[in-house]
Amino acid sequence: MATIPVLKVLIVGNGAVGKTSLVRRYCEGSFTESRITTIGVDFQTKLVDLPSGQVKLSIWDLAGQERFAVMRPGFYKGGRAVAMIFDVTDPQTLNDLPQWRQELQGVIPTAPVIVVANKIDLEHTVDPQAAHAFADSMQAPYHETSAATGEGVSAFFESLARLAAGEKAP
């Protein structure tokens, strides 16, 4: 019996952008309106079928609040790919992504990144062109998602899994 490779992926971004909701939507198929702050890190796993074979994603959902910044670099080690999440209803969450990228590069400088716009079911206040430009500046794939409706969630995680496996993201 072949061993299924385990690929560690990181979900980062400011607090309240919907990181935990995206992970739960993908792994459990559910969405809860209530918001409970992630303390440190939360983990989920999910088997994913890729063109190269099946992999197990070890999804690390990292706390986004500033008070957890000191512990995050330790959690980054071994990350194979990173999703940087922002909230389309809060422009500051996009403006803060370069700081997230800098923090990540100090630990995993070559890990591929995906930029993810979340909460697309709500009224946008973030300029989509600015979001695309940021992703393009890093040659990163760009995805739009809604944890509430499920829109774009599977496609985003499939892209993340492909990057973690060393495949080209669709």
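These legends accompany close-up views of a predicted model, taking in its aromatic pairs, a cavity and a pocket.

**View 1. Tyr26 and Phe157 stack on each other.** Let us begin with the rings. The model has four aromatic pairs. In the pair made by Tyr26 and Phe157, the ring centres are 4.2 Å apart and the planes meet at 10°. This contact links distant parts of the chain, with Tyr26 coming from helix 1 (residues 19–28) and Phe157 from helix 6 (residues 153–164), 131 residues apart. Tyr26 and Phe157 are both buried.

**View 2. Phe156 joins Tyr26 and Phe157 in one aromatic cluster.** Stay with Phe157 and look at its sequence neighbour. How are the rings of Phe156 and Phe157 arranged? Their centres lie 4.3 Å apart with the planes at 45°, so this pair is tilted. Like the stacked partners, which are both buried, Phe156 and Phe157 are each buried.

**View 3. Two lysines place their charged ends over aromatic rings.** Tyr26 appears here again, this time with a charge for company. The charged end of Lys46 sits over the ring of Tyr26, at 5.0 Å from the ring centre. Lys8 does likewise with Trp60: its charged end is over that ring, 3.6 Å from the centre.

**View 4. A cavity of about 40 Å³ is enclosed in the model.** One cavity reaches the counting threshold of 30 Å³ or more. Which residues line the largest cavity? They are Phe86, Val88, Ala117, His124, Val126, Pro128, Ala131, Tyr142 and Glu144. Helix 5 (128–137) and strand 6 (142–144) are the elements that each give two or more residues to this lining. By class, the cavity lining has seven nonpolar residues, one polar and one charged. Glu144 is the charged member, and His124 is the polar one.

**View 5. The second largest pocket holds about 180 Å³ of space.** We finish with an open site. Its lining brings together Asn14, Gly15, Gly64, Gln65, Glu66, Ala69, Arg72, Asp96, Gln99, Trp100 and Glu103. Which element gives the most to this lining? Helix 4 (residues 97–105) does, with three residues. The pocket lining comprises five polar, four charged and two nonpolar residues. Ala69 and Trp100 are the nonpolar pair, while the charged residues are Glu66, Arg72, Asp96 and Glu103.

Key: Residues numbered from 1 in each chain as written. Predicted model: local features only at pLDDT ≥ 70, side-chain atom pairs only at ≥ 80, totals over all residues. Heavy atoms only, no water. 1 Å grid on protein atoms, 1.4 Å probe; cavity = no way out; pocket = protein on both sides within 12 Å on 5 of 7 lines; lining within 4 Å. Points joined across faces, edges and corners; volume = space filled by probe spheres on them. Helix = DSSP H or I, 4+ residues; strand = E, 2+ residues; numbered from the N terminus. Phe/Tyr/Trp six-rings, centres within 6.5 Å; stacked < 30°, edge-to-face > 60°. Buried < 20%, exposed > 50% of the residue type's maximum accessible area, 1.4 Å probe, protein only. Lys NZ or Arg CZ within 6 Å of the ring centre and 35° of its normal.
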